[in-house]
Amino acid sequence: MRKTSLFHFAVPLALAFGVAAPSYACGEPGASSRPIRLVVSQQAGGSTDTLARMWAERVGKTLQTPIVVENRAGAGGIIAAKYVLSQPADGCTLFLAGVSQMVLNKFVYAPLAYKPESDFAPVSMLATVPFVLVANPQSGLRNYRELVDAAKAKPGSISFASSGNGNSTHLVVELMQKQQGIKLLHVPYRGEPDGVVSTVSGATQVMAPVLSTALPQIKAGKLTPLMLFASRRVPELPDVPTAAELGLKGFENIGWSGIAAKAGTPANVIARLHAATQTFLAEPAVVDKLKSMQVLPMPGPSDQLMELTVRDTAKWQGAIGDLDLSAK
């Protein structure tokens, strides 16, 4: 009985001095009972969600900490971003940060409800996805040079589909037009599949979707690949040149994603999460799976995420010019 009394006296006293029950930030040794949540701004089932769940499973094992993927779709990722920023900066709630949420939203949802560079702390890059410029075979466009010649001959006569106003599939073509000095007609759709269907049907002549989306249609002969927006050629399309080979600049790593934490998260927690992510990106099974998804791993230092955010903000600002991208 006396021991119980002493216990009930000691616990409140220890709590008052902050020594009774150690509080660990997620990702620290001893925090295995506290799960980490990775918030994803896309719906479950897509390639981004698949990548997130791969990361959660393997990094969770490395850290000996359960990681749960939480999908919070809507408003171009703003809902997910604001939710992460509403949580404590302890590493327990992380954000799958892509180019749309970190860069493009600044132009589409201005003024943006959060500041990517200061509100988030970079943990690690994850991956980049190649884009491919494709044409409907009935358009008669067999390569990029023919597209440029046709567009210069009749400005605005060739239409291109996108996944929506301000989407990366839109802006990559705007950047291409600006560098090449041509003008195409933009036709935005509600999503990438709709834009691809439009181009396959001939309702629009060209599009720049993610390679993994376009590849089945290319192999079926329903789309003609003109150019890759990627750092190097891909084995599946060995004869299709990259933008750099055709004299265009800044088209490497157009679509990318990484892991971010709320600013103020302890540096040692970020360091452990970063190290575990590098282990994940180096796993042969992961590399093979990503390859099958047409996704390229992006190992590197934590700061690379913010470096790309700053770089791409400047790049897209220059490409967008006076385009009206505000969400209606």
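Which residue in strand 9 is the bridge partner of Leu133? I shall answer that shortly. Please keep in mind throughout that the model before us is predicted.

Let me begin with strand 5, which covers residues 131-135. This strand is mostly covered, with 5 of its 5 residues buried. Its side chains alternate in direction: Phe131, Leu133 and Ala135 point one way, while Val132 and Val134 point the other way. The residues on both sides are buried.

Strand 5 has strand 9, residues 224-229, as a pairing partner, in the antiparallel sense and over 5 bridges. Here is the answer to my opening question: the bridge partner of Leu133 is Met227. Further along this pair, Ala135 stands opposite Thr224 of strand 9.

Strand 5 also pairs with strand 8, residues 206-207. This pairing is again antiparallel, over 2 bridges. Within it, Val134 has Met207 as its bridge partner.

We may now place these strands in their sheet. The sheet is open, has 5 strands with mixed pairing, and follows the order 7-6-8-5-9. Why do strand 7 and strand 9 each have one side without a neighbour in the sheet? They stand at the edges, and each has a single partner strand, so one side is left without a neighbour there. Helix 7, residues 168-180, packs on this sheet and touches strand 5, strand 6, strand 7 and strand 9. The direction of helix 7 makes about 145 degrees with that of strand 6.

I turn next to another sheet. It is open, is formed by 6 strands, and has the order 2-1-3-10-4-11, with mixed pairing. Strand 2, residues 67-71, and strand 11, residues 296-297, are its edge strands. Each has a single partner strand, so one side of each lacks a neighbour in the sheet.

Inside this sheet, strand 3, residues 93-98, pairs with strand 10, residues 255-262. The two are antiparallel and are joined over 5 bridges. One example is Ala97, whose bridge partner in strand 10 is Gly258.

Which helices accompany this sheet? Helix 2, residues 47-63, lies across strand 1, strand 2, strand 3, strand 4 and strand 10. Helix 2 runs at about 160 degrees to strand 2. Helix 3, residues 78-85, packs on the sheet as well, touching strand 1, strand 2, strand 3, strand 4 and strand 10. The direction of helix 3 makes about 145 degrees with that of strand 3.

To close, I return to strand 5: its 5 residues are buried, and Leu133 is bridged to Met227 in strand 9.

Note on methods
Residues numbered from 1 in each chain as written. Predicted model: local features only at pLDDT ≥ 70, side-chain atom pairs only at ≥ 80, totals over all residues. Heavy atoms only, no water. Buried < 20%, exposed > 50% of the residue type's maximum accessible area, 1.4 Å probe, protein only. Helix = DSSP H or I, 4+ residues; strand = E, 2+ residues; numbered from the N terminus. Pairing = 2+ DSSP bridges. Contact = heavy atoms within 4.5 Å. Axes fitted to C-alpha atoms, helices over the stretch in contact; angles between N-to-C directions.
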